[in-house]
Amino acid sequence: MNNEKSDNQIVSEIANAEYKYGFVTDIEADVVPKGLNEDIIRMISAKKEEPEWLLEFRLNAYRKWLTMKEPHWGHVDYEPIDYQDIIYYSAPKKKKQTNFDEVDPELLSTFNKLGIPLDEQKRLVNSSDVAYDAVFDSVSVKTTFQDTLGKYGIIFCSFSEAVKNHPDLVRQYLSTAVPPDDNFFAALNSAVFSDGSFCYIPKGVTCPIELSTYFRINAAQTGQFERTLIIADVGASVRYMEGCTAPQRDENQLHAAIVEIIVMKDAEVKYSTVQNWYPGDKEGKGGIYNFVTKRGVCKGDNAKLSWVQVETGSARTWKYPSCILQGDNSVGEFYSVAVTNNYQQADTGTKMIHIGKNTKSTIISKGISAGYSDNSYRGRVFMAKGATNSRNYSQCDSLLLGDKCGAHTYPNIQAENDSSVIEHEATTSRISEEQLFYCQQRGISIEKAIGLIVNGYANEVLNRLPMEFAVEAKKLLAVSLEGTVG
Amino acid sequence: MKLLEIKNLWVSINGKQILKGLSLDINAGEVHAVMGPNGTGKSTLASVIAGRSIFNIDEGELIYKGKDLTKLSVDERAKEGIFLSFQYPVEIPGVSMVNFMRNAIDEKRKYFGQDPISMHEFINLMEEKKRLVEMKDTLTQRSVNEGFSGGEKKKNEIFQMAMLEPQLSILDETDSGLDIDALRIVSNGVNKLRTPDNSFIVITHYQRLLNYIVPDVVHVLYDGKIIKSGSKELAMELEKDGYEQFIK
C-alpha cells in the first residue's frame with residue numbers, strides 16, 4: 001500500500017543501531033614495542049615474571065608458528081594481517097592490586113559502564129551472584145569473590161596469578177586440550193598470550209555461583225591474546241560465562257584467544273558466551289577479527305561439556321568450540337546462535353570427536369544472516385573405531401533476512417565403527433510477509449516483530465543461557481537485526 | 001456515529017483488479033455481515049482495512065474514526081482498535097502466546113502513553129479472556145498457533161480479540177472449519193464483546209453463523225463491490241436461493 005514504507009526504506013531508515021560499547025577509556029598504558037620476535041616474547045614473559053618453563057613454552061610455540069601458514073579454508077575474506085604491525089602487550093599502568101579500593105577508578109568505572117560489577121559486598125554469597133575476572137587489554141585487573149570461592153577450594157584467578165601461585169596445576173594441564181601447534185592462531189596465542197582466567201574446581205565440588213570472564217579491548221593497534229584454562233576435577237561442576245566488547249574503531253583488531261577445558265570423570269562444565277565484539281560499521285569498516293580456538297576434553301567417564309554461544313559481534317569470526325569425548329558415556333553439546341549483519345562474516349561451528357564408548361553429542365546451530373553478510377556453519381562429527389554405540393544429533397538451521405546475504409553449511413561426518421548413529425538435519429528459511437503482517441496486525445511494530453520472530457527462532461539455544469545472560473542476548477539479537485526486513 | 005466509512009474503493013494486486021468501487025458505512029455498535037461467493041474480494045476487503053501492504057489502493061477513501069486510514073501503518077491501525085481475525089492464522093515458532101500477547105498489549109499501551117501492564121494484571125486478564133472462549137490452559141503456553149488444530153486456531157483468534165479489546169473487529173471466515181461446539185464457543189465469545197461502541201464485520205459463506213452472531217446489516221459482495229444490502233433476513237434468502245438471484 002502506498003502509505004507503507006517499503007522494506008528497503010525501513011532498512012535504510014533505521015540503519016543499524018549504535019554499538020553501545022564503542023567508547024574508549026583514557027588510561028596510561030604500559031606497552032611493548034610493535035611487532036613480533038623472540039625479544040618481544042621474552043619481554044612479555046619478563047614483565048609477567050614467568051618461570052623459565054613457560055618462556056620455553058612460548059618460544060617453542062613461536063618457532064612452530066613461524067613455520068605455519070594462516071588458514072584460509074574458512075568462508076571469511078579479509079585483508080592480509082600484518083603481524084609486525086600489532087602491539088602484543090598493553091596493560092593499564094597502575095598495577096593490579098589485591099585490595100579492591102586500590103584498583104584504578106578509571107578501570108572500575110569502565111567495567112561499571114559495561115555492566116560488570118567489580119565491587120563485592122562483605123556479605124554471604126548469594127547463588128545469583130557472579131564472580132568476575134575482568135580482563136582489560138592484556139591483563140586481568142580484578143577477580144571478584146576469590147575468598148568466598150576459596151572456602152570451597154575453588155581456585156578462580158587470572159592466568160598470571162595461577163602461574164605464580166599454582167604452577168603445578170597450570171603446568172599439568174596447559175595445552176592438553178589445545179596443543180601449541182594445533183593451528184596457526186593457537187600457535188600465535190601460545191607464543192604471546194598475556195593473561196586470561198584460570199579456574200580449578202576440586203573433586204566433588206559444585207561451584208556455588210557462576211564464574212565469568214569479561215574481556216575488554218581498549219588500546220588501539222593492539223591485539224588481545226588471552227588464554228582461559230578451566231579444570232573440573234572428578235565429580236565437580238561449574239557454569240562459566242564469557243562476555244566481551246571493544247571500542248568502535250576504523251581499524252581491524254585481532255583477538256586470538258584460547259579456551260581449554262578439562263572435564264574429569266563424572267564432572268560437568270557448561271561454558272556460555274555472548275560475543276559482542278565491535279562488528280564494524282555499516283560499510284564494513286573496522287571491527288574485531290575473532291579467531292579463536294576453544295576446545296574441551298571429556299577425559300573421564302560420564303563427563304559432560306556444554307558450549308552455548310550467541311555470536312552477534314566481530315567483523316570476522318572463525319571459531320569452533322569443540323568436544324573431545326574421551327571417557328566412556330561422556331556427553332558433548334554445542335548450542336549456537338550466530339548473527340551476521342551488514343558486512344560481517346562468520347564461519348563457526350563445532351567438532352565432536354567421539355573416542356569413548358557410548359558417547360553422545362548434540363549440535364544445535366541457528367544461523368541468522370542479514371544485510372550483505374555471510375554466515376557459515378562448519379562442523380565435524382567423528383566416530384572413532386572404539387566409540388561404539390555412540391550417537392550424534394545435529395540440527396543446522398539458517399534464517400535469511402533480505403536477499404543480499406548468504407547462509408552456508410559445511411558438515412563433515414565420519415564414522416569408523418558400525419554401531420554408532422549420526423543424524424544431521426538442516427533447514428533454511430525466511431521470515432515471511434505473513435508472519436510480519438500477523439504481528440503488526442496485533443499492534444506490534446515491524447522492528448519488534450522481527451525481534452520476536454528471530455528470538456523465537458533462536459529460543460531453543462537462548463533458553464540454555466543463564467538467566468541474566470539470556471535477557472542480554474535477547475536484547476542484543478533484536479538490536480543487531482533492527483531494520484533488516486526480508 | 002460513523003466508525004468506518006469506505007467510499008468507492010478500488011484495490012488491485014499485481015495488476016489484477018479485486019475491489020471495484022466498493023462503498024460501506026459502519027456505525028458504532030453495529031454488526032455487518034459480508035457474504036458472497038469465493039473470489040469476490042471478501043478477504044481482500046478485510047486485509048485492506050487492516051493495511052496489508054501487498055494490496056494496492058488505486059482509488060477511494062478509507063475513513064476510520066474520522067481519520068484517513070491509509071495514512072496509518074498496520075500496527076498503528078491495530079493500536080487504534082482495528083482487529084482482524086485471520087482466516088488462516090500463521091504459526092510463529094518459538095514465540096510463546098504469553099510473550100506475544102504481552103508485547104501486543106504493551107505496544108498499544110505505549111502508543112497511548114501508558115506504562116507496561118503489570119505481570120499480575122496481565123495474568124488476570126489472560127485468565128478472564130481464556131474462560132471467555134473456553135480455551136485450554138496449555139494453549140497459552142505454546143508457541144503462537146504452532147501445532148494448534150483448526151478449531152484451536154480460531155478460538156485463539158477470538159481470545160486475542162478479547163485481550164486487545166478492539167473497536168472494529170473483522171472476522172474473516174472465522175466459522176469455516178469449525179464444528180458446532182466450537183462455533184457456539186466462538187460466537188459466544190464475540191457476543192460478549194458486543195457493546196454500543198464496538199463494531200464487527202463478519203465475513204462468512206454460511207447463514208449458520210448468523211444464527212449465533214445476529215447481524216444488523218447483511219451485504220452481498222460480488223465482483224468487487226456490494227450489490228445488495230439488507231437486514232438479517234437477506235442471509236436467509238441467500239441460504240435458500242443462492243447468490244444467483246442478485247447477479248446481473
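These exercises walk through a predicted model of two chains, A and B, each with a worked solution.

Because this is a predicted model, local features need pLDDT of at least 70 and side-chain atom pairs count only at pLDDT 80 or more, while totals for chains, interfaces and linings use all residues. Residues are numbered from 1 along each chain as its sequence is written, chains are lettered from A and ligands numbered from 1 in the order in which they are written, and side-chain values use heavy atoms, with hydrogens and water left out.

**Exercise 1. The overall build of chain A**

Task: Find how many helices and strands chain A has, and work out how its radius of gyration sits beside the globule rule.

Solution:
- Start with the count: chain A has eleven helices and 23 strands. Helices (H or I, at least four residues) and strands (E, at least two) are DSSP runs, numbered from the N terminus.
- Next, take the rule: 2.2 Å times the number of residues to the power 0.38, with the radius of gyration taken over C-alpha atoms.
- For 486 residues a compact globule would have a radius near 23 Å, and chain A agrees with this at 22 Å.
- The C-alpha trace of chain A spans about 70 × 60 × 50 Å along its principal axes.
- Finally, 62% of the 486 residues of chain A count as buried. Buried means under 20% relative accessible area, exposed over 50%, and partly exposed in between (1.4 Å probe, protein chains only).

**Exercise 2. The same steps for chain B**

Task: Describe chain B by its helices and strands, its radius of gyration and its buried share.

Solution:
- Chain B contains eight helices and twelve strands.
- With 248 residues, the globule rule gives a radius of gyration near 18 Å; chain B has 18 Å, which agrees.
- Its C-alpha trace covers about 55 × 40 × 35 Å along the principal axes.
- In chain B, 55% of the 248 residues count as buried.
- Now look at contacts (heavy atoms within 4.5 Å). Of the contacts in chain B with a separation of 6 or more, 68% join residues 24 or more positions apart.

**Exercise 3. Where the chains meet**

Task: Build up a picture of the interface between chain A and chain B, starting from how many residues are in contact.

Solution:
- Count the residues: 22 from chain A are in contact with 39 from chain B.
- Turn to area. The size of an interface is often given as the accessible area lost when the parts come together. Here the two chains bury about 2,700 Å² between them, 60% of it on carbon and sulfur atoms. This buried area uses a 1.4 Å probe and is summed over both parts.
- Look for charges: there are three salt bridges between chain A and chain B, each a side-chain nitrogen of Lys or Arg within 4 Å of a carboxyl oxygen of Asp or Glu. One of the salt bridges joins Lys448(A) and Glu107(B), at 3.5 Å from N to O.
- Ask which parts of chain A take part: helix 9 (433-441) and helix 10 (446-462) each supply at least two residues of the side that touches chain B. The largest share, eight residues, comes from helix 9 of chain A.

**Exercise 4. Two serines**

Task: Place Ser158(A) and Ser199(B) in their strands, then find what each side chain reaches.

Solution:
- Ser158(A) is in strand 5 (residues 155-158) of chain A. With a relative accessible area of 3%, Ser158(A) is buried.
- Its side chain reaches the backbone nitrogen of Glu161(A) at 3.2 Å.
- Ser199(B) lies in strand 10 (residues 199-203) of chain B, and its relative accessibility of 0% makes Ser199(B) buried.
- The side chain of Ser199(B) reaches the backbone oxygen of Asn27(B) at 2.9 Å.

**Exercise 5. Helices of chain B**

Task: Decide whether helix 1 of chain B is largely enclosed or open, and whether Lys192(B) is buried or exposed.

Solution:
- Eight of the nine residues of helix 1 (residues 42-50) are buried, so the helix is largely enclosed by the rest of the structure. Among the buried ones are Leu45(B), Val48(B) and Ile49(B).
- Just after helix 1, Gly51(B) takes a positive phi of about 100°.
- Lys192(B) belongs to helix 6 (residues 180-192) of chain B. At 55% relative accessibility, Lys192(B) counts as exposed.

Technical notes:
A polar contact is a pair of N or O atoms within 3.5 Å; within protein, one must be able to donate a hydrogen and the other to accept it, and residues adjacent in sequence count only if both atoms are side-chain atoms.
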